[in-house]
Amino acid sequence: MKKGEDMLPNNISKELFGSTLERIKATNNIANKDDLRLPFQNRETVIFIFCKGCGMIYEANEEAANKFLEKGEIISSSFVNKYIKISGCIGCDNNIDEIKLINI
Ligand SMILES: [Zn+2]
């Protein structure tokens with residue numbers, strides 16, 4: 001993926017983020033392990049999504065999580081002890097040209 005390339009048009013990002021739940025804003029835009037190990041608020045949540053652009057942490061259900069992984073061309077069979085890091089979100093309007101699945 002080329003840097004600066006807008007991978008997700010706005011309507012797609014709205015669709016993506018429409019099925020997530022805004023959770024907390026990480027201090028200094030850094031996701032620490034305590035934040036990423038908080039219990040999920042929504043029973044359907046399977047993983048946190050952390051935006052490094054603005055520090056927002058979202059909860060994603062399985063459907064939303066899979067959409068993000070698909071956009072990032074990531075194949076994974078498990079969300080346990082992992083989080084998805086993205087370069088931008090609907091809150092900060094940065095490009096989502098980077099999607100990674102990272103071990104907590
Ligand atoms: Zn953001």
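1. The largest nonpolar core of this predicted model comprises 22 residues. Within that core, the residues with the most contacts are Ile49, Phe68 and Ile84.

2. Five elements each give two or more residues to this core: the helices α1 (10-18) and α3 (62-71), together with the strands β2 (45-51), β3 (56-61) and β4 (82-86). The most is given by β2, which supplies five residues.

3. Which residues does Ile84 touch, once those up to four places away in sequence are set aside? Ile84 is in contact with Ile47, Ile49, Ala65, Phe68, Ile99 and Leu101. Two of these partners, Ile49 and Phe68, are themselves listed with Ile84 among the residues with the most contacts inside the core.

4. The backbone at Asn28 merits attention. Asn28 is not a glycine, yet its phi is positive, at about 55°. Asn28 belongs to the loop that runs between β1 (20-25) and α2 (33-36). Is Asn28 buried or exposed? Asn28 counts as exposed because it has 6 C-beta neighbours inside 10 Å, where the cut-off for exposed is 12 or fewer.

5. A second asparagine, Asn81, calls for a similar check. Phi of Asn81 is positive and near 55°, again in a residue other than glycine. Asn81 is located in the loop between α3 and β4, and both of these elements give two or more residues to the core. Asn81 has 11 C-beta neighbours inside 10 Å and therefore counts as exposed.

Key
Residues numbered from 1 in each chain as written. Predicted model: local features only at pLDDT ≥ 70, side-chain atom pairs only at ≥ 80, totals over all residues. Core = buried A, V, L, I, M, F, W, Y, C linked by C-beta atoms within 7 Å. Buried ≥ 20, exposed ≤ 12 C-beta atoms within 10 Å, placed from the backbone. Helix = DSSP H or I, 4+ residues; strand = E, 2+ residues; numbered from the N terminus. Contact = placed C-beta atoms within 7 Å.
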